[in-house]
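Student: Please take a close look at the backbone of this model. I would like to know where its unusual geometry lies.

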Amino acid sequence: MAFRTARNLAYFSNYIRNYSTNGPLVNVTVNEKSGFATATLQRPSVNSLNLELLTEISHTLQQLEKNKCRGLILTSASNKVFSAGLDLFELHKPNADKIKQMWSTLQEVWIKLYGSSYPTVAVVNGHAPAGGCMLALSCEYRVMLNNFIIGLNEAQIGFSAPMWLIDGMRNTIGSRQAEFALTAGTLFKTEEALKIGLVDEVAQSKEEAIEKAEKFLNKFAKIPPHARSMTKAALRGANIQALVRNKDEEVRSYVDFVTDSQFQDSLGEFIELNLKQKLSK
Amino acid sequence: MALRAVRSLAILSNPLRTYSTSGPLVNVSINEKTGIATATLQRPPVNSLNLELLTELCTTLEQLEKNKSRGLILTSSSNTVFSAGLDIYEMYKPNMDRYKQFWTTLQQTWINLYGSSYPTVAVVNGHAPAGGCLLALSCEYRIMLNNFTIGLNETKLGMIAPTWFAASMRNAIGTRQTELALITGNLFTTDEALKIGLVDEVVQSKNEALEKAGKFFDKFKRIPPHARTMTKTSLRGADIQALVKSRNEEMNKLTAFINDPKLQEAIGMYLESLKQKQNK
């Protein structure tokens, strides 16, 4: 903050101010003119959600809420992957305490992002399976680039998405489509995702996507923020309350599930077949 | 009823008889051949929903339920506005007793309309923001004339639509679209409304709308009414029960909230701006 003050003084004449807080894993810039923040996930190689990244995201969201952010664009520094979801290596042969912390922080991220008072847009500029799709779903609006895939494919790795995420998916694409997508662990191509309403707009480039994101955020310029956020809270409240009530029980349940040998075996296989090959290429 | 019997006897040969009860604010006519009632909102200038209009509408709906109406068309006598929504004057420096009556009657009107046993069609022959949209959404079917707007725009006015408003919209267009519509306080054009399913058909004239409404009611000709009603109740019951259970709590919250000085100031300023527009 002291650094910011010094810079303010130095560049006082520069009206369009950008300043950034560079966490190692999440880069946050705020356009001082529009008041919109852009949070860019930058954990190489595929923004997989480990405890550190989840903690930084959670912390970022908290700061934005505290600073009465006017709107958030969530995107990725990679041009191939938005986020690959939970870090499967961290789930493999895990330390139970670490899983507990990870899951707890994941819940926090959902509560803060899905329940943010400020408007949110996901600029999905790369693949978004599982946890990546979760981040996109928790935003109010999704703009996706062409030729990528998005979906809740937890079932593919022997995982079952938590209730709040299932509800989030249902609330976005409807019960029928959600049931079909979740049981088959479907990963939708951009155009298919647009068709079923999983994403709202398609863009040809990140620049175009950011433009569309800002257009969405600008819709709220004349809407009293208090009324807007209370309306959002009324609509999303039940989902969040259900999670808050069951938070600890769910953590226990997922720790048990993840540490169980059946899941560990199928996860080990998945990593062997799908991930180790890719990494060695 | 005696009048109806006499009239029936007198003109037994002419089946196409309608009779009407004209309340000052809601005109009700019933086509004796089809048994379909038409309730026409007629509170100048814009059918804004005040205690008197809501009371008449609420009573009308109860009468239709009691008389086992075969169906209701809800429309407006204005050719520019279906209903402008809740009368802001009811919320400006309100008398608390009247305000409580006003809100209770609004809740009851919705319960009666959204939960009616008989089929309902809104012929939206004018603009339908906020409470106007609510009335339209509460019906089973919506036919709208071209070149008007419809939506729950409460957020734009710094207000929050109650959960049962949202439930009515969700019932028509789904959760995702409802969220988007409510946080932006969007007013959809007729064509946009048709596209997302907020309205079911678009027409060029009120007569065309009444024709299409008739076609909707015809769908139920061979459906046993009892089964139809129970099905509708199964589908809409949860939404209605949610309000029934929480209506007192909601009332308490609103009576506390309505006198907030900031809200009163905002309403006062809005009324002032309306007066200035009228004076121009």
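Tutor: What follows goes through the cis peptide bonds and then the positive phi angles. The model is predicted.

As background, most peptide bonds are trans, and most residues other than glycine have a negative phi.

Start with the peptide bonds. In chain A, the bond from A:P44 to A:S45 is cis, and its omega is near 0 degrees. A:S45 sits in the loop that runs between strand 3 (36–41) and helix 2 (51–66) of chain A. In chain B, the bond that leads from B:P44 to B:P45 is cis, with omega near -5 degrees. B:P45 belongs to the loop between strand 3 (36–41) and helix 2 (51–66) of chain B.

Now turn to phi. A:K93 is not a glycine, yet its phi is positive, at about 50 degrees. To find A:K93, look in the loop between helix 3 (88–91) and helix 4 (96–114) of chain A. Is this residue buried or exposed? The relative accessibility of A:K93 is 68%, and exposed means over 50%, so A:K93 counts as exposed.

The other positive phi to look at is in chain B. B:A130, a residue other than glycine, has a phi near 45 degrees. B:A130 is part of helix 4 of chain B, which covers residues 130–138. Its relative accessibility is 12%; buried means under 20%, and therefore B:A130 counts as buried.

To put the two side by side: A:K93 lies in a loop and is exposed, whereas B:A130 lies in a helix and is buried.

How values were computed. Residues are numbered from 1 along each chain as its sequence is written. Chains are lettered from A and ligands numbered from 1 in the order in which they are written. This is a predicted model: local features need pLDDT of at least 70, side-chain atom pairs count only at pLDDT 80 or more; totals for chains, interfaces and linings use all residues. Side-chain values use heavy atoms; hydrogens and water are left out. Helices (H or I, at least four residues) and strands (E, at least two) are DSSP runs, numbered from the N terminus. Buried means under 20% relative accessible area, exposed over 50%, partly exposed in between (1.4 Å probe, protein chains only).
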